[in-house]
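Reader: Please take one part of this protein and examine it closely for me. I would be grateful for a connected account that begins with a single side chain and then sets it in its wider surroundings.

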Amino acid sequence: PAPLALLPYVPCVPSVALLGKITATTFTLERPCCVFDPHANASDAIWLVVAFANASATFRNPQTQADVPLYEGLPTTGSYMTLEATAAAYTCSAASPGVLRVGDDTGCGGKGNQEPCNGPLPSPGPYRVKFLVMDCHGPKAETRWSDPILLRRASTLSAIDPAPMHGDSSALVVIGSILASLGTALVVAVLSTVGAEAWESLYHQDSGTSTFAHRSYRTHHIPQPLPPGCRCNPPGLGCFAPQPPAPCPAK
């Protein structure tokens, strides 16, 4: 067989911000463009090899289609091949999405399927990937292995974001702020009502509802006109007219 061509291309996760770029079971790759044109014919197949990082060094390229490692064998063999595509999908003129999603086929696995599939990845990894060009005689060219790709998995329940990742997290924040403001306003209203009632109760007690308290209030703060000849006793005890002096006893 002809020697295998090693292409300088290194698969990688896109550097731009993407929704769900790396999750607990999937990751996204940049789609190689114009990489295989000099080395692939229209009838060739281009595969993506996915392997645990510690198993990538021992991976052996299959020599025939029948030897392609399947997704179900990943836990035991440490690698599988997926995303089979024609060379036309990666040509310079191909009108295709700019990224590839690895692990997004939830229908794979557990059904005894003997066909290659793109099933969810079973653990955080890390993983390494490479592209492999094959024709009817076997491998023709391959890219370099990617750097290790580690999936994200929450270690505690508190690290999980309960908000759905569909762009409406800002709406949830606004709703939460409104509810918090309403709660604060309700507390202020209740405290104001209770305070007003307490103040009114204290006012009635201090202003005096008994006859003595009412008279005392009037005596101290609202002086009444005194009859002629009266002089005031200590405040609050009314007044009386002066008495003539008693006659002296006879000697």
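**A lysine and the sheet beyond**

Author: A polar atom in the side chain of Lys21 lies 3.1 Å from the backbone oxygen of Pro14. The model is a predicted one, and the distances and angles given here are computed from it. Lys21 belongs to the loop that runs between strand S1 (5-6) and S2. This lysine is buried, yet it has no salt bridge. Which side chain of opposite charge is nearest to Lys21? That side chain is Glu30, and it is 8.8 Å away. Because a salt bridge requires a side-chain nitrogen of Lys or Arg within 4 Å of a carboxyl oxygen of Asp or Glu, the distance of 8.8 Å to Glu30 does not meet the requirement.

The surroundings of Lys21 can be listed with its neighbours within four places in sequence left aside. On one stretch of the chain it is in contact with Val13, Pro14, Ser15 and Val16. Its other contacts are Thr26, Phe27, Thr28 and Arg101. Pro14 thus appears in the list of contacts and also supplies the backbone oxygen at 3.1 Å.

From this loop we may turn to the sheet in which S1 takes part. Five strands form an open sheet, in the order S1-S7-S6-S3-S4, and the pairing is mixed. S1 and S4 stand at the edges with a single partner strand each, so one side of each is left without a neighbour in the sheet. It is instructive to cross the sheet from S1 to S4, one pair of strands at a time.

S1 pairs with S7 in the parallel sense, over two bridges. Here Leu6 stands opposite Glu142 in S7. The next pair is S6 and S7 (residues 138-142), which is antiparallel and has four bridges. Glu142 appears again in this pair, as the bridge partner of Leu132. Glu142 therefore faces Leu6 in one pairing and Leu132 in the other, by the rule that strands pair through bridges. A hairpin of two residues leads from S6 to S7.

S6 is mostly covered, with seven of its nine residues buried. Eight bridges join this strand to S3, and the two run antiparallel. Two places along this pairing may be named: Ile46 stands opposite Val133 in S6, and Val49 stands opposite Lys130 in S6.

S3 deserves particular attention. Why is it described as largely enclosed by the rest of the structure? Eight of its eight residues are buried, so the description follows. Ala45, Trp47, Val49 and Ala51 point one way from S3, while Ile46, Leu48, Val50 and Phe52 point the other way. The residues of both groups are buried. S3 also pairs with S4, in the antiparallel sense and over six bridges. In that pairing Val49 stands opposite Met81 in S4. Val49 accordingly has Lys130 opposite it in S6 and Met81 opposite it in S4.

Three points of the backbone also merit notice. Most residues other than glycine have a negative phi, and most peptide bonds are trans. Leu83, in strand S4 (residues 79-86), has a positive phi near 55 degrees. With a relative accessibility of 23%, Leu83 counts as partly exposed. Cys34 has a positive phi as well, of about 65 degrees, and lies in the loop between strand S2 (27-30) and strand S3 (45-52). Its relative accessible area is 33%, and Cys34 is therefore partly exposed. The third point concerns the peptide bond between Gly125 and Pro126, which is cis, with omega about 10 degrees. Pro126 is placed in the loop between strand S5 (99-102) and strand S6 (127-135).

Finally, these parts may be set within the whole protein. It contains three helices and nine strands, and along the sequence they follow the pattern β-β-β-α-β-β-β-β-α-α-β-β. Of its 251 residues, 27% are buried. Among contacts with a separation of 6 or more, 66% join residues 24 or more positions apart. The protein exposes about 16600 Å², of which carbon and sulfur atoms supply 62%.

Note on methods
Residues are numbered from 1 along each chain as its sequence is written. This is a predicted model: local features need pLDDT of at least 70, side-chain atom pairs count only at pLDDT 80 or more; totals for chains, interfaces and linings use all residues. Side-chain values use heavy atoms; hydrogens and water are left out. Buried means under 20% relative accessible area, exposed over 50%, partly exposed in between (1.4 Å probe, protein chains only). Contact means heavy atoms within 4.5 Å. Accessible areas come from the Shrake-Rupley method with a 1.4 Å probe; for residues, only the protein chains shown count as cover. Lys and Arg count as positive and Asp and Glu as negative; His and the chain ends are not counted. A polar contact is a pair of N or O atoms within 3.5 Å; within protein, one must be able to donate a hydrogen and the other to accept it, and residues adjacent in sequence count only if both atoms are side-chain atoms.
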